[in-house]
2 protein chains.
Amino acid sequence: MTVDLTNVFQQIDGDYENLKELLREAVAIQSVSGDPSKRDETIRMVHWMKEKLEAIGTVCELADLGTQELEGKTVKLPPVLLGTLGTDKNKKTLLVYGHLEPFELVEKDGKLFGRGSSDDKGPVLCWLHAIRAAQKNNIELPVNVKFCFEGMEESGSVGLPELLEREKDRFLAGVDFVCISDSYWLGTKKPCLTYGLRGICSFFVEVTGIKQDLHSGVFGGVIHEPLQDLMWVMAQLTTVDNRIKIPGLYDQVAPLSAAEEKTYDDIEFDVAEFRDSVGAAHLPTEDKKTLLLRRWREPSLAFHGIEGAFYGPGEKTVIPSKVIGKFSIRIVPDMEPEEVNRRTVEYLNKVWADRGSPNIFKPRPGHSAKPWVVDVNDSNFLAGARAMKRVHGVEPDRIREGCSIPITLTFQELTGKSVLLLPLGAADDMAHSQNEKNNKWNYVEGVKTLLAYILELGSA
Amino acid sequence: MTVDLTNVFQQIDGDYENLKELLREAVAIQSVSGDPSKRDETIRMVHWMKEKLEAIGTVCELADLGTQELEGKTVKLPPVLLGTLGTDKNKKTLLVYGHLEPFELVEKDGKLFGRGSSDDKGPVLCWLHAIRAAQKNNIELPVNVKFCFEGMEESGSVGLPELLEREKDRFLAGVDFVCISDSYWLGTKKPCLTYGLRGICSFFVEVTGIKQDLHSGVFGGVIHEPLQDLMWVMAQLTTVDNRIKIPGLYDQVAPLSAAEEKTYDDIEFDVAEFRDSVGAAHLPTEDKKTLLLRRWREPSLAFHGIEGAFYGPGEKTVIPSKVIGKFSIRIVPDMEPEEVNRRTVEYLNKVWADRGSPNIFKPRPGHSAKPWVVDVNDSNFLAGARAMKRVHGVEPDRIREGCSIPITLTFQELTGKSVLLLPLGAADDMAHSQNEKNNKWNYVEGVKTLLAYILELGSA
């Protein structure tokens, strides 16, 4: 029996000022996980969320993760918030994951403008509101709900995989569904569900060969500069159109079947709108299907920067003695991180041999994460699809994402159950960037979607 | 009549502990010109030096330079210390220039280890000691001495050229000789005098094309990355052996006459020692003459870094939206900065056209300084040579320097008199780097050399 939610949804619409106030409070807490001076705020955010969950009847515990070394200091890790709402043996159990902090501290005029509003404090609060709305209207939740909220996702979820491993047979026991609302719609109007994520392999390319920084006036022209070598080597990694030059890398990509290719035809995606949203004059490809394939099911290589060189404004006359180039490769099925690491380091070494510099070259892989794909006919996925249709009146697009959410794989492996990625925010929320925002409409409809999803799980 | 300095020199040797103590005091003052939080220390250093000069009878004034904008703050500029020791109309006047601060703040274990000991607090204190030694021994100085000591050389001598311009007909009037002890010996044993300096042209290469930093997961592979373009463009500037690929640049170098080339034969310079001092495995050339020519009378191009990209330790997943590459070209006679700027920007634009990226490319010249060469038969230069021979017993090598000391040109132009660059420190002092030091021996012999030089000026 389907509960009629018409009045509840109207009530949620009318409750907007309260929803907004709560998000304002949450975003105002500067829980920047990567900044040791903000660690107390990150911990405060977890406690703040704990109080909110307790107020809706959740039994909460704070799992201590010990300490970490950050910028030369030993700092306390924020605890992970584990919550249990309902322990009815006759109901299935949904596990909800979310995180409570911004990806990076991007200052603009001294303010952390909106960071967290969409990624991921907004969606986390949607869960809270959805359950509050059910309680207010005496709607019984058809599933038990467990929460796992952390404060360190954007700094690599330090300690969380180990905690989950330890909790496999206790907190994670009996979980039937997992839902993560930590990704985005493909566009700004039509909802979607995410069935695939790319993995990642990070790389460090170190070049040295002189024992300390040198003055370019005194030494310029008579030494082999590590930074000149590094930029030359990195310039051999991609073409101008951002295709990867490492031999054999594309060969590892799973073949695209005609059936899968056909699913791309119906996906609503406006290339011109996408191009304008990033502010580019042209894109390497402006064909919808090719572009989506490159974002979701092809590897890509991005340059991030250089450690050890001058980075400030103005001029400098130093020849840096040791520089480390940073780049990463997004990977897709059936690419294996080990194989990608091997081929990449092999190519870098070959390019280095071509360079013929007497400097010291040390390429090495950094962290990696596997790609992820899920069965779109799974009951959890279908419950999400029905919930979206109920709120938005349209069938959501089935999409993939170019980025990695490594915890997805962890939950899948430890619970043995399917994970649903249920995005609530619009494509232009610009999470992780200077102007992150969350639309009022997405936020409010997000509450409704999560409520509908929980109820749909009753028949999943 | 030459004053016998044997006893005076012995006295100077015996006075080492006092010399050391004074240098310890001076180096301990953290007068880092580029750091606004250390500005008070930079000002304190100028006052400290003023007291020392007054104690030897110098009439001092502090020339106010107003304020500057630094890291978004308006900070007071340290005053320039102008001192006059003697106003005897029957004597010629020597103007001594020096600076009182480190080139850059290089922290090692939290300490500014030795910075300033050789560049340039050490040599400045040698002047002080030399005059003290003369006074103690009742040796009359054959010249009036004026001092111009500043605290901002390593941050571009902000305001000093303008001050000197204003002082042209007052403080600078009547100056007959200028001496700057702010460079280094070619090796570690044999003294030398510097008759040439390279100039510099700095460049900024900006690439943008997306309106804000993007997440490499979401956007990797479907945009033209500014940082990939930038590294590719910069990789076209030099060969692996650090030769410049900009067409026509070497053509502007003054031809090397057979006579000039011959002067290189006698110069004492150990290539292996030089190579080991920088810690390199090999150098682009290990032929003594070719190496020295490349350092002193050929242009060179050095990479300094990138502004706008990730520069911290660890990993990041950002695609930077706007990056600025920094490099500089050292120039020699007869290269003109305007011509170098024109050819370089032209080449960059040509390379950019080859790249074929739709991103936005803005190469632009930064500051520039002309090269400088002086007549080695000039009376000031010869007085310096006699002083060195008197102290060290050998004829000093006549050398050039790869770096720029722009104030040299300013003094030459405003006084119309020759400037002597009289180096006191050893080649391995590693000024501007992490381990700057000044040898005890060089420091003590430096005092003697400057005393002998002042006395030699009596017959110049």
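The points below describe selected features of a predicted model with chains A and B.

1. Annotated domain. The UniProt annotation "domain: Peptidase M20 dimerisation", from an unreviewed entry, covers residues 195-351 of chain A. Helix makes up 32% of that span and strand 22%. The C-alpha atoms at its two ends are 37 Å apart.

2. Interface between the chains. Chain B contributes 86 residues to the contact and chain A contributes 85 residues. About 7200 Å² is buried between chain B and chain A, with carbon and sulfur atoms giving 55% of this area. Of the area that chain B buries against chain A, 9% comes from Val222(B), Met231(B) and His304(B), more than from any other three residues.

3. Four-stranded sheet of chain A. Chain A has an open sheet of four strands in the order 11-13-9-14, paired antiparallel. Its edges are strand 11 (300-307) and strand 14 (360-369) of chain A, each of which pairs on one side only. On average, neighbouring strands are turned by 20° against each other, direction ignored. Strand 9 (residues 199-208) and strand 13 (residues 323-331) of chain A are antiparallel and joined by nine bridges. Within this pairing, Val207(A) has Val323(A) of strand 13 as its bridge partner. Helix 7 (residues 226-234) of chain A lies across strand 9, strand 11, strand 13 and strand 14 of that chain, and runs at about 15° to strand 13.

4. Ile324(A). This residue belongs to strand 13 of chain A. Its relative accessible area is 9%, and therefore Ile324(A) counts as buried. Apart from neighbours within four places in sequence, Ile324(A) is in contact with Phe204(A), Val205(A), Glu206(A), Leu230(A), Gly305(A), Ile306(A) and Glu307(A). Met430(A) is 106 residues away from Ile324(A) along the chain, and the two C-alpha atoms are separated by 28 Å.

5. Four-stranded sheet of chain B. In chain B, an open sheet of four strands has the order 11-13-9-14, with antiparallel pairing. Strand 11 (300-307) and strand 14 (360-369) of chain B are the edge strands, each pairing on one side only. From one strand to the next the twist averages 20°. Strand 11 and strand 13 (residues 323-331) of chain B run antiparallel and are joined by seven bridges. Phe303(B) is placed opposite Phe327(B) of strand 13. Helix 11 (residues 337-355) of chain B packs on this sheet and touches strand 9 (199-208), strand 13 and strand 14 of chain B. The direction of helix 11 makes about 160° with that of strand 14 of chain B.

6. Hairpin of strands 2 and 3 in chain B. Strand 2 (residues 67-70) and strand 3 (residues 73-76) of chain B pair in the antiparallel sense over four bridges. They form a hairpin with two residues between the strands, and Glu71(B) in the turn has a positive phi of about 50°. Glu69(B) stands opposite Thr74(B) of strand 3. In a regular strand, side chains alternate between the two faces of the sheet. Strand 2 of chain B has Gln68(B) and Leu70(B) on a covered face, and Thr67(B) and Glu69(B) on an uncovered one.

7. Strand 5 of chain B. Seven of the eight residues in strand 5 (residues 92-99) of chain B are buried, so the strand is mostly covered under the cut-off of 20% relative accessible area. Strand 5 runs parallel to strand 6 (residues 143-150) of chain B, with eight bridges joining them. In this pairing Lys92(B) stands opposite Val143(B). Strand 5 also runs parallel to strand 7 (residues 177-180) of chain B, joined to it by four bridges. Here Leu95(B) has Val178(B) of strand 7 as its bridge partner.

8. Thr415(B). Thr415(B) lies in helix 13 (residues 406-415) of chain B. With a relative accessible area of 12%, Thr415(B) is buried. The side chain of Thr415(B) reaches two backbone atoms: the oxygen of Phe411(B) at 2.7 Å, and the nitrogen of Lys417(B) at 3.1 Å. Beyond its neighbours within four places in sequence, Thr415(B) is in contact with Leu172(B), Val175(B) and Val178(B). Of these, Val178(B) is the bridge partner of Leu95(B) described under strand 5.

Methods
Residues numbered from 1 in each chain as written. Chains lettered and ligands numbered in written order. Predicted model: local features only at pLDDT ≥ 70, side-chain atom pairs only at ≥ 80, totals over all residues. Heavy atoms only, no water. UniProt positions renumbered as here; feature names shortened; annotations may be inferred. Pairing = 2+ DSSP bridges. Axes fitted to C-alpha atoms, helices over the stretch in contact; angles between N-to-C directions. Contact = heavy atoms within 4.5 Å. Buried < 20%, exposed > 50% of the residue type's maximum accessible area, 1.4 Å probe, protein only. Polar contact = N/O pair within 3.5 Å; in protein donor to acceptor, adjacent residues only side chain to side chain. Buried area = accessible area lost by both parts, 1.4 Å probe.
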